[in-house]
Amino acid sequence: MVRGGTPDVCWRLMDAQYWAGSRRLARRQRIFVVADFGGRRAADILFKPRPMLPLPPPCGEGGWAAAEGDRTASFETGRQIPVIHPFQCFRMRGAAKRQEETAFRNSFGLPTDPFPTLLASDVTPFAFWYEGDPKGGCIRFLTETESERLMGLPEGWTKYGADGVEIRPLQRYKALGNAIALPCADYIMAGIYEVLADRAGKEE
């Protein structure tokens with residue numbers, strides 16, 4: 001932070017994967033800068049601990065969020081549970097070059113692997129199979145809806161433009177690859193609201 005009159009400036013690196021509570025979001029590191037031109041409240045906005053707002057529901061009634069992972073037992077839903085792990089292309093290439101069988105298998109994703117950052121220039125693949133049937137799995141790409149979930153956005157958030165016209169899938173992927181994760185933005189906006197509300201209360 002820089003403090004010496006106005007503006008009062010603070011900055012912070014925030015990674016979306018740590019801002020989702022029990023939900024699973026993609027890795028997304030972004031630097032957020034807050035400047036207060038009327039006081040010394042930038043630190044209160046950007047550094048003060050506060051509860052995270054709940055994320056939008058991951059799916060419609062009777063469905064489940066594929067991108068959320070394999071955190072629910074089969075008997076709780078009455079259907080097969082998809083196991084979803086990020087697919088590590090670079091890990092696979094390196095393991096194949098070194099002829100390391102275990103590392104090659106691990107390239108299909110470990111339970112502890114965060115989802116890679118969504119890119120505007122590419123669509124992220126991941127390993128998908130059903131519980132108890134790993135041989136029946138496949139490598140596939142994220143859908144637009146799964147990409148929205150990994151950013152903490154409501155489903156269908158990027159489906160239509162301001163004119164009501166449906167947006168092409170490629171443009172939706174690009175928009176999500178250039179976006180910021182919703183939980184990080186919520187945290188900062190909540191801080192701005194707190195300091196403005198506090199000032200308004202003092203002025204009254």
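In the predicted model, Lys 48 counts as partly exposed, at 41% relative accessibility. The side chain of Lys 48 meets that of Glu 194 in a salt bridge, with an N to O distance of 3.5 Å. Distant parts of the chain are linked by this pair: Lys 48 belongs to the loop between α1 (42-47) and α2 (74-77), Glu 194 belongs to helix α7 (residues 182-203), and 146 residues separate the two. Glu 194 is likewise assigned to the partly exposed class, because its relative accessibility is 32%, a value between the limits of 20% and 50%.

The count of salt bridges in the model comes to nine. Among them is the contact between the side chains of Glu 148 and Arg 172, at 3.0 Å from N to O. This pair also links distant parts of the chain, with Glu 148 in helix α5 (residues 144-150) and Arg 172 in helix α6 (residues 169-177), 24 residues apart. Glu 148 has a relative accessible area of 0% and is buried. Arg 172 is buried as well, with a relative accessible area of 6%. Both values fall under the 20% limit, so the two partners of this salt bridge are classed as buried.

A further salt bridge is formed by Glu 155 and Arg 149, whose closest N and O atoms are 2.8 Å apart. Here the partners fall into separate classes: Glu 155 is partly exposed, with a relative accessible area of 34%, whereas Arg 149 is buried, with a relative accessible area of 12%. Elsewhere, Lys 48, Arg 50 and Glu 194 are joined into one network by salt bridges that share partners.

The secondary structure of the protein consists of seven helices and five strands. Read from the N terminus, the order of elements is β-β-α-α-β-α-α-β-β-α-α-α. Of the 204 residues in the protein, 38% are buried.

Three of the strands form an open sheet with the order β3-β4-β5 and antiparallel pairing. Strands β3 (82-86) and β5 (133-141) are the edge strands, each pairing on one side only. From one strand to the next, the twist averages 25 degrees. Strands of a sheet pair through backbone hydrogen bonds, in a parallel or an antiparallel manner. In the antiparallel pair of β4 (residues 125-130) and β5, the strands are joined by five bridges. One of the residue pairs places Ala 127 opposite its bridge partner Ile 139 in β5. Another has Tyr 130 with Asp 133 of β5 as its bridge partner. The hairpin of β4 and β5 has two residues between the strands, and Gly 132 in this hairpin takes a positive phi near 85 degrees.

Empty space in the model was examined as pockets and cavities. Rolling a probe the size of a water molecule over the atoms shows where such space is left. The largest pocket has a volume of about 300 Å³. Its lining comprises 14 residues, and those nearest the pocket centre are Cys 89, Phe 90, Pro 116, Asp 122 and Pro 125. Helix α3 (residues 89-98) contributes four residues, the largest share of this lining. Divided by class, the lining of the largest pocket holds eight nonpolar, three polar and three charged residues.

Two cavities of 30 Å³ or more were counted. The second largest cavity has a volume of about 50 Å³. Its lining is made up of Leu 118, Leu 119, Asp 122, Val 123, Thr 124, Leu 142, Ser 147, Tyr 173 and Leu 176. Six of these lining residues are nonpolar, two are polar and one is charged. Asp 122 thus appears in both settings: Asp 122 is among the residues nearest the centre of the largest pocket, and Asp 122 also lines the second largest cavity.

Key
Residues are numbered from 1 along each chain as its sequence is written. This is a predicted model: local features need pLDDT of at least 70, side-chain atom pairs count only at pLDDT 80 or more; totals for chains, interfaces and linings use all residues. Side-chain values use heavy atoms; hydrogens and water are left out. On a 1 Å grid over the protein atoms alone, a cavity is a set of points where a 1.4 Å probe fits but cannot get out, and a pocket is an open set with protein on both sides within 12 Å along at least five of seven lines; lining residues have an atom within 4 Å of a point. Grid points are joined across faces, edges and corners, and a volume is the space filled by probe spheres set on the points. Ala, Val, Leu, Ile, Met, Phe, Trp, Tyr, Cys and Pro count as nonpolar, Asp, Glu, Lys and Arg as charged, and the others, Gly among them, as polar. Two strands pair if DSSP finds at least two bridges between them. Axes are lines fitted to C-alpha atoms, for helices over the stretch in contact, and angles run from 0 to 180 degrees between N-to-C directions. A salt bridge is a side-chain nitrogen of Lys or Arg within 4 Å of a carboxyl oxygen of Asp or Glu. Buried means under 20% relative accessible area, exposed over 50%, partly exposed in between (1.4 Å probe, protein chains only).
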